[in-house]
Amino acid sequence: MFFALWPDKALQNALYQLGSSLQPVCMGLPIRAEMIHLTLAFLGALPVDRLEALYATAARVHSPAFDLTIDQLSYWHQPRILWAGSQQPPADLTNLASRLHVALSEAGFTFDKSKPFSPHFSLRRKASCKTLIQFSMSFNMRVSEFVAVSSETTEKGANYRVMRRWPLY
């Protein structure tokens with residue numbers, strides 16, 4: 001399970017096309033369009049009997065809606081991820097993640113706190129970008145909700161399913 005910002009299909013497809021266009025430069029494997037998201041908190045495996053408590057915890061998180069500009073491309077050598085993000089993430093985004101993290105902790109849920117929150121949309125995994133990537137366009141996303149997502153691993157890879165949505169005001 002994880003919480004995320006879930007772009008609409010048009011933005012998912014645009015980000016997928018961007019990632020695909022960089023295959024000659026970065027190699028690796030593309031993230032399927034329908035899987036592109038921005039993770040707010042990763043919980044990992046969670047017993048089914050804890051889902052309602054998790055959903056109730058998320059319902060207590062209140063935050064304003066905001067606009068997110070995606071205007072940066074970058075590459076992490078470890079874990080070999082090509083990603084898109086914002087040069088200036090809005091304060092409302094970091095505040096949303098922080099409020100969610102606090103609510104989860106107070107409710108006794110454990111989640112990955114090993115790295116600081118670094119908002120990004122993964123575009124390619126197992127990438128190997130040899131040159132600096134120039135990004136000459138930008139995308140805008142109106143963030144009006146966050147979602148809880150379940151992940152199921154199959155022989156074809158991971159499949160994500162949005163389980164619940166919470167509006168931002």
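Biologist: Which residue in β9 does Ala4 stand opposite?
Modeller: Keep in mind that this is a predicted model. Ala4 belongs to β1, which pairs with β9 in the antiparallel sense over 3 bridges. Look across to β9 from Ala4 and you land on Val147.

Biologist: And what is the bridge partner of Phe3 in β3?
Modeller: Strand β1 covers residues 2–5, and 4 bridges join it to β3. Those two strands run antiparallel. Follow Phe3 over to β3 and its bridge partner is Ala41.

Biologist: Are Phe2, Ala4, Phe3 and Leu5 of β1 buried or exposed?
Modeller: Check one side of β1, and you find Phe2 and Ala4. Flip to the other side and there are Phe3 and Leu5. Both faces of the strand are covered, so to speak, with the four residues all buried.

Biologist: What is the order of the strands in the open sheet?
Modeller: The sheet has 4 strands with antiparallel pairing. Its edge strands are β3 (38–42) and β10 (157–167), and each of them pairs on one side only. From one strand to the next, the twist averages 35°. Put together, the order reads β3-β1-β9-β10.

Biologist: Helix α3 packs on that sheet, but what angle does its direction make with that of β10?
Modeller: Helix α3 takes in residues 51–59. On the sheet it touches β1, β9 (145–154) and β10. Compare the direction of α3 with that of β10 and you get about 50°.

Biologist: Which strands does helix α4 lie across?
Modeller: Helix α4 is made of residues 91–106. It runs at about 20° to β3, one of the strands in question. The full set is β1, β3 and β9.

Biologist: How many residues apart are Cys26 and Cys129?
Modeller: The structure holds 1 disulfide, and Cys26 and Cys129 form it with their sulfur atoms 2.0 Å apart. Cys26 sits in helix α2 (residues 23–26), while Cys129 is in the loop between β7 (121–125) and β8 (139–143). The pair links distant parts of the chain, with a separation of 103 residues.

Biologist: Why is the disulfide of Cys26 and Cys129 called right-handed or left-handed?
Modeller: A disulfide is a covalent bond between the sulfur atoms of two cysteines. Here both partners, Cys26 and Cys129, are buried. The disulfide is right-handed because the torsion about its S-S bond is about 115°.

Biologist: How many helices and strands are there in the chain?
Modeller: Read along the sequence and the pattern is β-α-α-β-β-α-β-β-β-α-β-β-β-β. Each α there is a helix and each β a strand. The totals come to 4 helices and 10 strands.

Biologist: What is the radius of gyration of the chain, and why does that make it as compact as a globular protein of that length?
Modeller: The C-alpha trace spans about 45 × 35 × 30 Å along its principal axes, and buried residues make up 42% of the 169 residues. For 169 residues the globule rule gives 15 Å. The chain's own value is close to that, so it is as compact as a globular protein of that length, with a radius of gyration of 16 Å.

Notes:
Residues numbered from 1 in each chain as written. Predicted model: local features only at pLDDT ≥ 70, side-chain atom pairs only at ≥ 80, totals over all residues. Heavy atoms only, no water. Pairing = 2+ DSSP bridges. Axes fitted to C-alpha atoms, helices over the stretch in contact; angles between N-to-C directions. Contact = heavy atoms within 4.5 Å. Disulfide = S-S within 2.5 Å. Buried < 20%, exposed > 50% of the residue type's maximum accessible area, 1.4 Å probe, protein only. Rg over C-alpha atoms; globule rule 2.2 N^0.38 Å.
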